[in-house]
Amino acid sequence: MEQLTWQKSSFSGTNTNCLEIASDGSLVHIRESDDPTTVVTTTRAKLHAWINGAKAGEFDHFVA
């Protein structure tokens, strides 16, 4: 994997335990800042669909 520029949410502040995201064209990479060696890679379209599902509450039963 080439050198990626990782970004975390501004809501994370100085917290070092958060999700980070990076892109290299058509692929999006997601990792946890406290375990940067484990990276999930997906497409922009699949990430977009997942975010829309999360906003719609489709995954709420996992945290309730």
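**Glu20, the largest pocket and an aromatic pair**

The side chains of Glu20 and Arg31 make a polar contact at 2.6 Å (N or O atoms within 3.5 Å, one able to donate a hydrogen and the other to accept it; residues adjacent in sequence count only if both atoms are side-chain atoms). The model is predicted, so local features need pLDDT of at least 70 and side-chain atom pairs count only at pLDDT 80 or more, while totals for chains, interfaces and linings use all residues. Residues are numbered from 1 along each chain as its sequence is written, and side-chain values use heavy atoms, with hydrogens and water left out.

Glu20 belongs to strand β2, residues 19–23 (a DSSP run of E, at least two residues). Its relative accessibility of 15% makes Glu20 buried (under 20%; exposed is over 50% and partly exposed in between, with a 1.4 Å probe and protein chains only). Beyond its neighbours within four places in sequence, Glu20 is in contact with residues including Trp6, His29 and Arg31 (heavy atoms within 4.5 Å).

Glu20 also helps to line the largest pocket, together with Gln7, Lys8, Ser9, Leu19, Ile21, Ile30, Leu47, Trp50 and Ile51. This lining comprises six nonpolar, two polar and two charged residues (Asp, Glu, Lys and Arg count as charged; Ala, Val, Leu, Ile, Met, Phe, Trp, Tyr, Cys and Pro as nonpolar; the others as polar).

Trp50, one of the lining residues, forms a stacked aromatic pair with Phe59, at 5.5 Å centre to centre and 20° between the planes (ring centres within 6.5 Å, using the six-membered ring of Trp; planes under 30 degrees apart are stacked, over 60 edge-to-face and the rest tilted). Trp50 is partly exposed because its relative accessibility is 48%; Phe59, at 27%, is likewise partly exposed.

Conventions:
Helix = DSSP H or I, 4+ residues; strand = E, 2+ residues; numbered from the N terminus. 1 Å grid on protein atoms, 1.4 Å probe; cavity = no way out; pocket = protein on both sides within 12 Å on 5 of 7 lines; lining within 4 Å.
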